[in-house]
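Me: I am new to this structure and would like to learn how to read it, one feature at a time. Could you take me through it slowly, giving the general idea before each case?

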There are 2 protein chains.
Amino acid sequence: MEILITNDDGWGAKGIVTLLRLMEQFGHVTVIAPDGTRSGMSNAITFSHITMQKVEETERHSIYTTNGTPSDCVKLGIHIIYGGKRPDLLVSGINHGSNAAINVIYSGTMGAVFVGAENGIKSIGFSIDDMSADPDLTQFEPYITQITKDILAKRDVPYGMCWNVNAPIGEIHGIRPTRQCKGYWDEEVSAHQEADGSTYYLLGGAFHNNEPEADDTDEWALKHGYISLTVSTIDTTWKEKNA
Amino acid sequence: MEILITNDDGWGAKGIVTLLRLMEQFGHVTVIAPDGTRSGMSNAITFSHITMQKVEETERHSIYTTNGTPSDCVKLGIHIIYGGKRPDLLVSGINHGSNAAINVIYSGTMGAVFVGAENGIKSIGFSIDDMSADPDLTQFEPYITQITKDILAKRDVPYGMCWNVNAPIGEIHGIRPTRQCKGYWDEEVSAHQEADGSTYYLLGGAFHNNEPEADDTDEWALKHGYISLTVSTIDTTWKEKNA
């Protein structure tokens, strides 16, 4: 069993170090992760020089870092480290911050998951609704192991299927099967002045939930102390069930 | 009628200049586009200083450029240029290169469209299957006008719906309603040597079509001289019809 791990918070983040330890239960692990934070990189790819360094090798894992994006990481993993062979599993995260609702389209963590799904690899993104550098992951850990076991046991995963798993802060009451909540980021750009009087802008703002009463969304699950498990897809075609 | 235009090839690219001229038929146009190419930027957003300059203003249009990404452009447009008000329409492109099949998840052009859809704006991406700096857009132009008219006439567009329109090179035989073709980029990372002997990597490769016989895909349409019109969504939740 060969497992590829990446993230968008960079190698050394608590989330990916935890994921490495958990995934060693299942097989040999190759980590390839950005050399620093790549949050909000979505599925961005790099068209110029990409570099990669091996930083550690043991019997149970190899660790590489790169100046590229999370999506670049998966491509380097498949085509350079594995020589074109696909691993049995790709896991991305544990992201420091929720990738529920519309966050999924901006997320570098989920971007890597989508590249895995494009390549026919079982791919799972794990995130926790806590942006701090030192989130408490102890309650999430056994769920990550169980969800990974369940997905490894699946046969015939169809093209494009992948998984977006988010954990709440604090007490976890269980897992809820969810869908992506409808909503948007609002009031999210602010203007600031440089010392020379020129203007620059910063993104920020707040998430607006279009359907706070719906109890089948990922946002609802996180707000009520449940892990959200959304079966996801890389197919952007509109289907009637979107309505 | 207020129309927001952006792209990922940068202000000054033939595609966006053409789109500006076409959209002036419908109302006042605001262009905000990157100051250079941002291809492959997907939905990437910028967390540090973003700058913006107004480069032109006439009665019929305003033009701004930014150091940001296509997704940043839409956010700056809504929150800074429009002060929070949503425009009636967002169009992105005309991209120099196809955004059919899996290209859609990497595309900065379609990234901007997804941000528009998140914000409840009717949003359309236009692309041509020609990566040259000077593609022949004359046959595509009347279709762009017609498709825009049809979409402007729609009422009650549901949350997340948007449009991905791709034109073939050469003779255009008409429009086909399509879905995103299943496939993946293969053999896509190559290793190269610097003068000092160190290694760097470049993305490249070729698209592998998993379903070349299916006649309802965007890839099929482009290969057979048709414009592909895929109704798209920002909802990444798996639905049974994905199978």
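Me: Through which surface do the copies meet?

Reply: Contact here means heavy atoms within 4.5 Å. In this predicted model, 100% of the interface residues of chain B are also interface residues in chain A, so the copies meet through the same surface.

Me: By what turn and shift can chain B be laid on chain A?

Reply: Copies are superposed by least squares on the C-alpha atoms of residues with pLDDT of at least 70 in both, where pLDDT is the predictor's confidence in each residue, from 0 to 100. A turn of 180 degrees, with a shift of 0.0 Å along the axis, lays chain B on chain A with an RMSD of 0.0 Å. That is the relation of a two-fold axis.

Me: Which conventions and which confidence values should I keep in mind?

Reply: Residues are numbered from 1 along each chain as its sequence is written, while chains are lettered from A and ligands numbered from 1 in the order in which they are written. Because the model is predicted, local features need pLDDT of at least 70 and side-chain atom pairs count only at pLDDT 80 or more, whereas totals for chains, interfaces and linings use all residues; side-chain values use heavy atoms, with hydrogens and water left out. Chain A has a mean pLDDT of 96, and 99% of its residues reach 70 or more, while the model scores ipTM 0.96 and pTM 0.97.

Me: Is helix α4 of chain B mostly covered or mostly open, and what is found at its ends?

Reply: Helices (H or I, at least four residues) and strands (E, at least two) are DSSP runs, numbered from the N terminus. Buried means under 20% relative accessible area, exposed over 50%, and partly exposed in between, with a 1.4 Å probe and protein chains only. Helix α4 of chain B, residues 108-118, is mostly covered, with 11 of its 11 residues buried; among them are Met110(B), Phe114(B) and Glu118(B). At the N-terminal end, Ser107(B) caps α4(B) through a side-chain oxygen that lies 3.2 Å from the backbone nitrogen of Thr109(B). After α4(B) comes Gly120(B), which has a positive phi near 75 degrees.

Me: How many residues of helix α2 in chain A are buried?

Reply: Of the 12 residues of α2 in chain A (residues 70-81), 10 are buried, so the helix is largely enclosed by the rest of the structure. The buried residues include Asp72(A), Lys75(A) and His79(A), and the helix is followed by Gly83(A), whose phi is positive, near 65 degrees.

Me: Which residue does the side chain of Asn95(A) join by a polar contact?

Reply: A polar contact is a pair of N or O atoms within 3.5 Å; within protein, one must be able to donate a hydrogen and the other to accept it, and residues adjacent in sequence count only if both atoms are side-chain atoms. Asn95(A), which lies in strand β5 (residues 89-96) of chain A, is joined through its side chain to that of Thr109(A) by a polar contact of 3.0 Å. Asn95(A) counts as buried at 6% relative accessibility, and, leaving out residues up to four places away in sequence, its contacts include Asp8(A), Asp9(A) and Phe126(A).

Me: Where are the cis peptide bonds and the positive phi values outside glycine?

Reply: Most residues other than glycine have a negative phi, and most peptide bonds are trans. In chain A, a cis peptide bond joins Gly93(A) and Ile94(A), with omega about -15 degrees, and Ile94(A) lies in strand β5. In chain B, Gly93(B) and Ile94(B) are joined by a cis peptide bond, again with omega about -15 degrees. Ala101(A) has a positive phi near 50 degrees; it is found in the loop between β5 and α3 (103-106) of chain A and is buried at 1% relative accessibility. Ser42(B), with a positive phi near 50 degrees, lies in the loop between β2 (28-34) and β3 (52-57) of chain B.

Me: Which residue lies over the face of Tyr226(A)?

Reply: A charge sits over a ring if NZ of Lys or CZ of Arg is within 6 Å of the ring centre and within 35 degrees of the ring normal. Arg176(A) lies over the face of Tyr226(A), at 5.5 Å from the ring centre, and in chain B Arg176(B) lies over the face of Tyr226(B), at 5.5 Å from the ring centre.
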